[in-house]
Amino acid sequence: MHPAPSSDPAPAPAEPGGVPGPEAPAPAESDEWVEPLARGGQAPAELPVAPAAVPAARRGGRRAGDAGEGEEPGDPLAEVPLKAALEAVLMVVDEPTTAARLAEVLDRPKKLVAAALAELAEEYDAQQRGFELRFVAGGWRFYTRAVCAPVVDRFVLDGQQARLTQAALETLAVIAYRQPVSRSRVSAVRGVNCDGVMRTLVQRGLVEESGTEPETGAYLYRTTHYFLERMGLRGLDELPELAPFLPEADDVEADSQEGAAIAEAVAAAD
């Protein structure tokens, strides 16, 4: 009786010179352990790793979100919500910023940015937040809410208020309503010499030079953008209607020798 033929493949005959011949091709990875189980054997201790379990880097693939060859990564600006982006930028600005500038930075339509800014301002007001978003001096910026001013004063100034003197406030008012105006004209309106006060206002950034007077060559002065910001005004047209009540140079009484000299100088210049 002949033995039953074995289903295992016969070993390849040795090549002349004792060198073994080429091995038979190995079965597919998914079938390496199926045939021994069919014959009642045991599965090998280490099963072959399925192709799906191999990391993408080992298979030569790429993870989701990675840019392939010839592809550009997505725009990170487009992934940031518009209102969150506006809040982030407005937190670091040094002066009011226009909607057009914000739209340019965020690469969004200007109308969409303007609508989002208005919505943010309404949301802060409705929530009674400690800050508010205002449109001041032609742009948008965060400001402390007025009801919280005492708390901020105590924290920042520690009870010490840095205020303008009465003389500085009067001089600033004359410049705001008569600008551009020369020092001699301001002095004539106030009735006293204002050179020192003018220097103080210039140093604080509230007033700046604005050319010269054609007739006399005297320097002219005007209020600055910072003045509008500090006063909370969008423009000079929002100033209270006080200009008609300011005295003219001809109405200033020369109660002192200095006042008379100033009045004479203004009259000579006119």
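This briefing covers the fold, selected side-chain interactions, one helix packing and some backbone features of the structure above. The model is predicted. Its protein chain has 270 residues, of which 24% count as buried. The secondary structure comes to twelve helices and seven strands. Among contacts between residues at least 6 apart in sequence, 48% join residues at least 24 apart.

**T171 and its surroundings**

- T171 is part of helix α8, which spans residues 166-178.
- With a relative accessibility of 0%, T171 counts as buried, because the cut-off for buried is under 20%.
- The side chain of T171 makes a polar contact of 3.5 Å with the side chain of R190.
- Leaving aside residues up to four places away in sequence, T171 touches V186, R190, C194, V197, M198 and L201.

**Helix α9 and the link to α8**

- R190 also forms a salt bridge, in this case with E170, at an N to O distance of 3.1 Å.
- This salt bridge links distant parts of the chain: R190 sits in helix α9 (residues 183-190) and E170 in helix α8, 20 residues apart.
- E170 counts as partly exposed, at 34% relative accessibility.
- Within α9, the residues V186, S187, A188 and V189 are buried.
- Just after α9 comes G191, with a positive phi of about 85°.

**Other salt bridges**

- The whole structure contains ten salt bridges.
- One of them joins E132 and R145, with the closest N and O atoms 3.6 Å apart.
- The E132 and R145 pair links distant parts of the chain, 13 residues apart: E132 is in strand β3 (residues 131-136), and R145 is in the loop between β4 (139-144) and α7 (149-156).
- Both E132 and R145 are buried.
- Another salt bridge pairs E208 with R222, where the closest N and O atoms are 3.0 Å apart.
- E208 belongs to strand β6 (residues 207-212) and R222 to strand β7 (residues 219-223), so this salt bridge ties together parts that are 14 residues apart in sequence.
- E208 counts as partly exposed at 31% relative accessibility, and R222 counts as partly exposed at 37%.
- Through salt bridges that share partners, D125, E132, R134 and R145 are joined into one network.

**Aromatic pairs**

- A search of the whole structure gives four aromatic pairs.
- Y124 and F131 form an edge-to-face pair, with 4.9 Å from centre to centre and 65° between the planes.
- Y124 counts as buried at 4% relative accessibility, whereas F131 counts as partly exposed at 29%.
- Ring pairs link Y124 and F131 with F142 into a cluster.

**Packing of α4 against α6**

- Helix α4 (residues 82-90) and helix α6 (residues 110-127) have axes that come within 10 Å and cross at roughly 75°.
- This crossing makes α4 roughly perpendicular to α6, because angles from 65 to 115 degrees count as such.
- On the α4 side, the residues in contact are L82, K83, L86, E87 and L90.
- On the α6 side, they are L112, V113, A116, L117, E119, L120, E123 and Y124.
- Y124 therefore belongs to this helix contact as well as to the aromatic cluster with F131 and F142.

**Backbone features**

- Most residues other than glycine have a negative phi, and most peptide bonds are trans.
- D107 has a positive phi of about 60° although it is not a glycine.
- D107 is located in the loop between α5 (99-106) and α6, and it is exposed, with a relative accessible area of 57%.
- Q128 is not a glycine either, and has a positive phi of about 55°.
- Q128 lies in the loop between α6 and β3, and it is exposed, with a relative accessible area of 58%.
- The peptide bond from Q179 to P180 is cis, with omega near -10°.
- P180 is in the loop between α8 and β5 (181-182).

Methods. Residues numbered from 1 in each chain as written. Predicted model: local features only at pLDDT ≥ 70, side-chain atom pairs only at ≥ 80, totals over all residues. Heavy atoms only, no water. Helix = DSSP H or I, 4+ residues; strand = E, 2+ residues; numbered from the N terminus. Buried < 20%, exposed > 50% of the residue type's maximum accessible area, 1.4 Å probe, protein only. Polar contact = N/O pair within 3.5 Å; in protein donor to acceptor, adjacent residues only side chain to side chain. Contact = heavy atoms within 4.5 Å. Phe/Tyr/Trp six-rings, centres within 6.5 Å; stacked < 30°, edge-to-face > 60°. Salt bridge = Lys/Arg side-chain N within 4 Å of Asp/Glu carboxyl O. Axes fitted to C-alpha atoms, helices over the stretch in contact; angles between N-to-C directions. Parallel < 35°, antiparallel > 145°, perpendicular 65-115°, else oblique.
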